[in-house]
Amino acid sequence: MGHGVVRRKFFYALGGGNGLRLPIGISFYTFQSLSYLIDVYRGKSEAQNSIINTGLYISFFPQLVAGPIVRYDTIATQLTSREHSFKKFSDGVERFCIGLAKKVLVADQVMQLANLAFSQHGSDLSAALAWGGMVAYTIQVYFDFSGYSDMAIGLGKMFGFEFRENFNYPYISRSISEYWRRWHISLGEWFRDYLYYPLSLGFAVKVRRRISPYFSKQTSLAIANGLVLFIVWLATGLWHGANMTFVVWGLSQFAFIFYEQHRKPRKETFMSFVKTFAVVMVVKVISRSDTLTYALDFYRSMLGLNSNPAIDNVAAYWLGQYKIAMMLGFVFMFPTVEKLNDLARGSKLSGAWEIFKAAAMVALFVMSAVYAIGGNYNPFIYFDF
Amino acid sequence: MKEKILKLLSETMPNINFTASNSLVDDGILDSLAIVGVVNELSLEFDVTFDIDQLTPQNFNSLDAMAATVEQLLKEKR
């Protein structure tokens, strides 16, 4: 892929490096099909008798290549009976426009900055560009992926389907555990229901029974459940790519969640949000890097340890060039619109606010179209997973 | 049964106040990680095996609900 973001190396590895080509989105519809088979096996859903409906479930185009992973039990009845209405259709169109704008107007813009930073060697990279690149990538990956989910959910609505949400403002989280209940929700729930819970019910109990004579109750529980958590996050890392960067990335998530689970309970404050957001951004550098060596070099540049300047002309120019997209990203990755909706609701301005939103939607669509036709369009990152 | 469960859980998971509410899961006091801890403890102590369908918020929202689930499992075992 052109801008060389994250590559699905796992399947290339299976091909022995001979360039075995696999269809885009394979990890999404594989997981979706697995959920159907497991649910039917567990007796949670009835087997679908119609090949047309099964085909529709597996290959429904809006979310086929990059999620959300739609679970069969959430959609089984909708396959045969859906409600269509003008309201639902127009809600779908609105949702689609929001997703398109997120992708074209924010993600593809800040991507230029992120790509610039991550295409340089550590020693050539000023500290300012490294920090800017990290923030830009953090904004890019959220607007890219949640934009795609918005478009999929919107298109689904236009056809009468109700998909579950895939994102819930992940960057406002106050812990990494909370972050994973808000980011790529359909994947987190998939791993929870089809790997974490099954392993916890059987395997973890067996492990604990085996080790309990040697440890205290608390320690043996921490080891048994920690082992399961470790396996789940290793698998989540490998789902993203069979590359050491993703293994380390997954295990870092395990380490944070395990720590959060076992630390003394504390009151969540504004600082919990700041610390969590910092961790989220720093860890994203690993998932954006092609190798661990590169990630380390990038961190060194952020700290000015590569005898690189704090800021240079390149950084000043490019940070200036993309400051508007960066600011837009920063404002809208938090629930700003929701806050405004709450303020407008019940006030005298509520009518004007609705009209403004409708006009903004048209403007967003036109601007997105102009930018997309202008050749700035880039494929979605998560197509590669 | 309820008291026994409370004693067990407070020993292994002292960070969690199991009597804080009757909607432990819905109030966010018990997340999926904590539920799994409870399941492990109860499975070991009462020698029962939970089914995946039993991992619902209703079954873990209160000590009463947990006790009822364990009673049910013990009955099925007999």
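**Exercise 1. Find which residues have the most contacts inside the largest nonpolar core, and which helix gives the largest share of it.**

Solution. Start with the core itself. The largest nonpolar core holds 62 residues. A nonpolar core is a set of buried Ala, Val, Leu, Ile, Met, Phe, Trp, Tyr and Cys residues joined through C-beta atoms within 7 Å. Buried means 20 or more other C-beta atoms within 10 Å of the residue's own; exposed means 12 or fewer; partly exposed is in between, with C-beta atoms placed from the backbone. Val110(A), Ala114(A), Ala130(A) and Ile139(A) have the most contacts inside this core. Its largest share, 18 residues, comes from α6(A).

Next, take Ile139(A). Leaving out residues up to four places away in sequence, Ile139(A) touches Val106(A), Val110(A), Met326(A), Gly329(A), Phe330(A) and Met333(A). Contact means that C-beta atoms, placed from the backbone, lie within 7 Å.

Finally, another core of 35 residues lies apart; Ala204(A), Ile5(B), Leu24(B) and Phe50(B) are among them.

The model is predicted: local features need pLDDT of at least 70, side-chain atom pairs count only at pLDDT 80 or more, and totals for chains, interfaces and linings use all residues. Residues are numbered from 1 along each chain as its sequence is written, while chains are lettered from A and ligands numbered from 1 in the order in which they are written.

**Exercise 2. Check the span of helix α6(A), and decide how enclosed the helix is.**

Solution. Helices are DSSP runs (H or I, at least four residues), as are strands (E, at least two), numbered from the N terminus. Helix α6(A) covers residues 127-158. The expected span is 1.5 Å times one less than the number of residues. For the 32 residues of α6(A) that gives 46 Å, and the end C-alpha atoms are 46 Å apart, which agrees. Now count burial: 30 of the 32 residues are buried, so α6(A) is largely enclosed by the rest of the structure. Just after α6(A), Gly160(A) takes a positive phi of about 95°.

**Exercise 3. Describe how α10(A) packs against α11(A).**

Solution. Two packed helices are described by the angle between their axes and the distance between the axes. Here α10(A) (residues 217-240) and α11(A) (residues 244-262) pack at about 150°, with axes 8 Å apart. Axes are lines fitted to C-alpha atoms, for helices over the stretch in contact, and angles run from 0 to 180 degrees between N-to-C directions. By class, this contact has 13 nonpolar, seven polar and no charged residues. Ala, Val, Leu, Ile, Met, Phe, Trp, Tyr, Cys and Pro count as nonpolar, Asp, Glu, Lys and Arg as charged, and the others, Gly among them, as polar.

Then look at the buried residues of α10(A), including Leu229(A), Trp233(A) and His240(A). The buried residues pack against α8, α9, α11 and α12 of chain A together with α1 and α2 of chain B.

**Exercise 4. Two residues other than glycine have positive phi: His184(A) and Asp47(B). Is each buried or exposed?**

Solution. Most residues other than glycine have a negative phi. Phi of His184(A) is near 45°. His184(A) sits in the loop between α7 and α8 of chain A. His184(A) is buried, because 21 other C-beta atoms lie within 10 Å.

For Asp47(B), phi is about 50°. Asp47(B) is in the loop between α2 and α3 of chain B. Asp47(B) is exposed, because 12 other C-beta atoms lie within 10 Å.

Note on methods:
Contact = placed C-beta atoms within 7 Å.
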